[in-house]
Every structure is written in C-alpha cells, then in structure tokens.
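Q: Could we go through this structure feature by feature, with the general idea before each case?

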Amino acid sequence: MKLSKFKFKLPEELIAQYPSRYRDESRLMLCDKNTGKIEHLLFKDLINLFDERDLFVFNDTKVFPARMYGNKEKTGAQIEVFLLRELNTEMKLWDVLVEPARKIRIGNKLYFGEDESLVAEVIDNTTSRGRTLRFLYDGTHEEFKKALFKQGETPLPRNINRPVEPEDAERFQTIFAKNEGAVSVPAAGIHFSRELLKRMEIKGIESIYLTSHMSLGNFREIDVEDLTKHKMDSEQIIISEDTAKIVNKAHDEARNICAVGVTVMRALETVVGTEGKIKSFDGWTNKFIFPPYEFTTANSLITNFHLPYSTLLMVAAAFGGYDEIMNAYEVAIKEKYRFGVYGDAMLIK
C-alpha cells in the first residue's frame with residue numbers, strides 16, 4: 001500500500017475550528033463495511049444502532065497542557081516548547097520539541113512565566129527538533145507539575161487556525177478522561193455526552209476503558225511512499241486484567257465489540273493473541289495499521305474524519321475497506337462533513 005493512495009482534496013473550510021455546540025449532536029456517517037452503504041445521522045442516534053450487551057471500549061487518557069512558551073537566556077528570544085513525556089520524575093526530565101530548533105543548544109537555559117520562576121536547562125539533543133529538558137525546581141513533584149502545567153496551554157493541532165480559548169481546556173477532552181498523559185484528545189470519544197452514556201447504560205449496552213496516551217506520532221508526516229517502511233512513534237498503553245477479561249468474554253459470546261477511536265483499535269490489536277483473546281498490558285506500542293490488515297477483536301469502529309495522508313485514516317481504511325472508506329470520504333466532502341479533531345464522526349459497522 002502506497003502513501004499516495006491516501007491523497008484527497010480537502011477544502012480548508014471543512015477542517016473544524018470548533019466542536020459541535022453539544023457533544024452528541026455532531027453528524028454521524030454510518031458506513032456498512034460489507035456493502036459500502038452509507039447513512040447520514042446525528043451522533044446521538046448511535047443508541048439505536050446497538051443492542052443490549054454490546055460492548056463499547058473507550059480510551060480514558062487525559063490531555064495535559066503540553067504547549068508552553070519560554071524565553072531564552074541572554075537573548076530573550078521566544079521559544080515554543082511542546083512537552084511530549086516525562087522521562088524522570090526525580091530529576092524532572094522531559095522529552096520535548098522546540099521551535100525554532102536552530103536557536104536551542106545543549107546548555108541553554110529557558111525561563112517560563114512572567115516572573116521567570118520556572119527554569120529549564122537543555123541537557124540533550126535527541127532529534128533535529130527534539131530536546132531533553134531538566135527543570136530546575138525545588139518543590140515536591142506535585143508542586144512542580146502544578147507550576148509546569150500552569151505555564152502550558154491546550155495543545156490544539158496546527159490545523160485549528162485560531163488562538164486557544166479557555167473553553168478548549170474542557171472541549172479538547174473527553175468527559176471520561178482520567179489518566180493523564182496524552183498530547184491530543186482521542187477525538188472519537190469527544191462526541192459522547194453524559195446523557196448519551198446514561199441512555200446506553202439504561203439500554204444495557206456495556207462500557208469498558210483502556211488507556212492509550214495519544215502521541216504526536218499520529219499526526220507526524222509520513223515521508224516514505226512505501227508504507228511498510230514507515231516507523232510509528234511509540235505510545236504508552238495500559239490494559240487492566242479486568243478490561244481484558246470483559247473484552248474476552250464478549251468475544252467468546254460473539255457479542256458486538258465497538259472500538260471508540262483508532263487508539264483503542266490499535267491498543268486491542270497490539271495485545272491480541274492467536275485466538276482473538278487480548279491480554280493485560282502496561283507498556284509501549286508502535287504498531288502501524290494500514291490496508292490490508294486482518295482485525296481480530298472489535299467488529300465496529302467509531303472514528304472522526306481525518307486529513308489526507310493521515311495514519312488515522314489508514315486504520316479506518318484497513319478496517320472498513322480501502323475503496324469503501326475512500327468513497328465515504330468523497331461523500332463526506334460533498335455533504336460538507338467537518339474534518340479533524342473537532343469534526344464529525346463515522347461509524348464503521
């Protein structure tokens with residue numbers, strides 16, 4: 001499968017700059033993976049498409065305020081620092097991206113906040129843009145994280161071309177977000193409101209959670225035409241024994257298992273065994289799914305409409321069939337569905 005197969009012309013005005021006013025009132029395209037048949041619904045109509053004892057698997061990762069702005073010592077030049085992951089709690093080491101990268105070298109100090117009370121020192125160059133920062137802070141780890149995140153803002157993707165608003169802290173988060181560690185929201189989960197989850201519970205639809213900390217690897221440009229040569233960035237996933245037990249029971253009973261989002265689907269496929277059973281896991285995955293691919297656990301997938309060349313689109317195409325999904329995207333553009341993290345949703349069933 002070639003990268004160029006995922007090229008399509010997306011009008012810029014279809015990239016959503018804001019989410020729907022009400023989470024469950026975004027649009028929902030229902031795509032039958034066997035026939036390619038398409039229906040146009042609202043997301044809250046999802047309740048009518050599933051039955052009692054069907055199982056939804058959600059990602060409960062929580063986005064942290066990963067984008068910060070600091071000033072370089074002596075010159076005062078503004079540097080954007082994007083926090084990726086904490087490497088060492090005791091030494092306060094963080095893996096970060098910096099822009100403009102050419103201005104930052106090992107030994108440079110960066111100052112954050114109006115009073116410049118938070119200071120970081122560059123101790124390693126990992127890539128052309130990546131650095132390791134050591135934050136110089138005397139308080140407890142809890143106090144440090146509070147001071148650090150106070151300087152950060154909601155890490156909206158670059159295709160949202162507007163300033164971050166206070167409301168984004170809540171909008172760029174699922175209502176069931178629990179375990180901190182993501183730099184982007186698992187977008188499929190945004191559409192679930194408390195009311196919809198309650199209605200699902202009343203109907204007898206079951207829910208379970210795993211954690212998959214979304215990294216920037218999902219959005220990094222692929223620079224090879226042959227997809228077999230692309231290496232995904234690693235992401236941390238945590239699947240408890242309880243979650244594995246519930247998913248395996250549903251699988252044994254041939255119930256419908258719906259993966260809410262590509263990150264959930266990737267996590268399930270990372271830990272699945274030969275008989276379609278998953279196991280508990282706490283570690284890292286760099287699994288890259290693209291067509292053709294044989295899925296073994298979930299038989300439904302909820303996902304947003306993604307941008308051209310996106311690895312997220314590739315997972316959807318692998319699950320729903322390349323021709324069927326690319327056709328659905330043509331229809332979505334014609335019908336003016338909204339694309340991106342704050343966009344509309346697709347159910348592949």
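Q: How much space lies in the second largest pocket?

A: A pocket is found on a 1 Å grid over the protein atoms alone, as an open set of points where a 1.4 Å probe fits, with protein on both sides within 12 Å along at least five of seven lines. Grid points are joined across faces, edges and corners, and the volume is the space filled by probe spheres set on the points. In this structure the second largest pocket holds about 180 Å³ of space. This is a predicted model, in which local features need pLDDT of at least 70 and side-chain atom pairs count only at pLDDT 80 or more, while totals for chains, interfaces and linings use all residues. Residues are numbered from 1 along each chain as its sequence is written, and side-chain values use heavy atoms, with hydrogens and water left out.

Q: Which residues lie nearest the centre of the second largest pocket, and how does its lining divide into nonpolar, polar and charged?

A: Lining residues have an atom within 4 Å of a point. There are 15 of them here, and Pro19, Ser20, Arg21, Arg23 and Arg171 lie nearest the centre of the pocket. For the classes, Ala, Val, Leu, Ile, Met, Phe, Trp, Tyr, Cys and Pro count as nonpolar, Asp, Glu, Lys and Arg as charged, and the others, Gly among them, as polar. The lining divides into five nonpolar, four polar and six charged residues.

Q: How many disulfides are there by the distance rule?

A: A disulfide is a pair of cysteine sulfur atoms within 2.5 Å, and by this rule the count comes to zero. Cys31 is in no disulfide, as its nearest cysteine sulfur, that of Cys258, is 14 Å away. Cys258 is likewise in no disulfide, with the sulfur of Cys31 as its nearest at 14 Å. Buried means under 20% relative accessible area, exposed means over 50%, and partly exposed lies in between, with a 1.4 Å probe and protein chains only. Cys31 counts as buried because its relative accessibility is 0%, and Cys258 also counts as buried, at 0%.

Q: Which strands pair with β16, and in which sense, parallel or antiparallel?

A: Strands of a sheet pair through backbone hydrogen bonds, either parallel or antiparallel. Strands (E, at least two residues) and helices (H or I, at least four) are DSSP runs numbered from the N terminus, and two strands pair if DSSP finds at least two bridges between them. β14 (residues 257-260) pairs with β16 in the parallel sense over three bridges, and the bridge partner of Cys258 in β16 is Ser300. β16 and β17 pair in the antiparallel sense over four bridges, with Asn304 bridged to Ala345 in β17.

Q: Are the two faces of β16 covered or uncovered?

A: In a regular strand the side chains alternate between the two faces of the sheet. Here both faces are covered, with Ser300, Ile302 and Asn304 buried on one side and Leu301 and Thr303 buried on the other.

Q: What is the order of the strands in the open sheet, and which are its edge strands?

A: The open sheet has nine strands in the order β2-β1-β17-β16-β14-β3-β12-β13-β15, with mixed pairing. Its edge strands are β2 and β15, each of which pairs on one side only. Angles are taken between axes, which are lines fitted to C-alpha atoms (for helices over the stretch in contact), and run from 0 to 180 degrees between N-to-C directions. Neighbouring strands of this open sheet are turned by 25 degrees against each other on average, direction ignored. Towards one edge, β13 (residues 235-239) and β15 pair in the antiparallel sense over five bridges, and Ile237 has Gly283 in β15 as its bridge partner.

Q: Which strands form the closed barrel?

A: The closed barrel has six strands and runs β5-β6-β7-β10-β9-β8, with antiparallel pairing. Its neighbouring strands are turned by 45 degrees against each other on average, direction ignored. Within the barrel, β5 (residues 67-72) and β6 (residues 78-88) pair in the antiparallel sense over five bridges, and Met68 stands opposite Val81 in β6.

Q: Where are the cis peptide bonds that involve Pro100 and Pro292?

A: One joins Glu99 and Pro100, with omega about -5 degrees, and Pro100 is in the loop between β7 (93-99) and β8 (109-112). Another joins Pro291 and Pro292, with omega about -10 degrees, and Pro292 lies in the loop between β15 (281-285) and β16 (300-304).
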